[in-house]
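Subject: Structure for your review

Dear colleague,

Please find the structure below, together with its sequence. I would be grateful if you could read the notes that follow with both in view.

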Amino acid sequence: MSFARPCLSLLLSGALALGAATQAAAQTPSRLSDLVGARAGQAEGELTSRGYQATGRSEVVGDGRLTYWKRGDDCVAIMTRDGRYASINQAGRSECGGGGSDGNAAAAAVAGVALVGLVAALAAHNNRHNDADRNHDSEYQRGYQAGLYGSIYDDRHETEGYHEGYLAGEAEATNRRNSNSRWVRQAPREAQDACARRADDFQSRPYGSSVPIGVRDLGGGQYEMTMATGSYRSVCRVTASGNVLSIDPY
């Protein structure tokens, strides 16, 4: 199987993945954390009592449904699976129909990167397994999304593709959390972006596959970044202005 087929099929379903992927770097709002795991019917009444309104926007994601609720400018994305709230995550205002902002643009960028991550992960997986059929690809995507969004492992419908995808999704979620840590974000954005592009080239992955997960300030306007490209690691040395000096295997 060539890279083009899974890439094309996944991009055609991009609307599904894109809408859900803004959850990747999100956290459950503490004021709603008690509703995770609650029955959807009862939880909807509780959401309403806390001032949230359903936006009417929903989409199927894997074996669950994603809905969006808002309270003023606050927007949350809720994943319902098997009649219960599997996850509740913060979302950008635009997801609930609000006006644009820098924060919303960033959320959209995260969504696009998550889709690229899935495409790249599936391509690498199929290369290791000497191609796979469409059912295997679908199961891998289902597992990847579940692992990425922190859903409970579906051991009742486990397949090889689902298992491998879940592990890859969990690894990608860890990469994204580390990339969004305060410690990593203290490095100049120009330096982070330059190392991400170079790591993509270094690992022969699509642009957007790599993120910094560790940073060391070398002084003199130079930084050393540990880059994650799926399960692969590299070390990028870069200036604050984004001039990559070197990149090597981790």
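The notes below cover a helix pair, a group of aromatic rings and a strand hairpin.

Please bear in mind that this is a predicted model.

I begin with the two helices. Two packed helices are described by the angle between their axes and the distance between the axes. Helix α5 spans residues 134-149 and helix α6 spans residues 160-179; their axes lie 6 Å apart, at an angle of about 35 degrees. The crossing of α5 over α6 is right-handed. On the α5 side, the residues in contact are H136, E139, Y140, R142, G143, Y144, A146, G147 and L148. Their partners in α6 include G161, Y162, G165, Y166, A168 and G169, as well as the charged residues E160, E164, E170 and E172. Sorted by class, the contact between α5 and α6 comprises eight nonpolar, six polar and six charged residues.

Two of the α6 contact residues, Y162 and Y166, lead to the aromatic rings. The structure holds four aromatic pairs. One of them joins Y153 and Y166 edge-to-face, with 4.9 Å from centre to centre and 80 degrees between the planes. Y153 is located in the loop between α5 and α6, whereas Y166 belongs to helix α6, so this pair ties together parts that are 13 residues apart in sequence. How buried or exposed are the two partners? Y153 is partly exposed, because its relative accessible area of 23% is not under the 20% limit for a buried residue. Y166 has a relative accessibility of 9% and therefore counts as buried.

Y166 also pairs with Y162: the ring centres are 6.0 Å apart and the planes stand at 35 degrees, so this pair is tilted. Y162 and Y166 are both in helix α6, four residues apart, which is about one turn of the helix. Both residues are buried. Taken together, the ring pairs link Y153, Y162 and Y166 into a cluster.

The last item is the hairpin. Strand β5 (residues 210-219) and strand β6 (residues 222-229) run antiparallel and are joined by eight bridges. Within this pairing, V215 of β5 stands opposite M225 in β6. Two residues separate the strands of the hairpin, and G220 in the turn has a positive phi of about 65 degrees.

With kind regards

Terms used:
Residues numbered from 1 in each chain as written. Predicted model: local features only at pLDDT ≥ 70, side-chain atom pairs only at ≥ 80, totals over all residues. Heavy atoms only, no water. Axes fitted to C-alpha atoms, helices over the stretch in contact; angles between N-to-C directions. Left-handed = near helix turned anticlockwise from the far one by under 90°. Contact = heavy atoms within 4.5 Å. Phe/Tyr/Trp six-rings, centres within 6.5 Å; stacked < 30°, edge-to-face > 60°. Buried < 20%, exposed > 50% of the residue type's maximum accessible area, 1.4 Å probe, protein only. Pairing = 2+ DSSP bridges.
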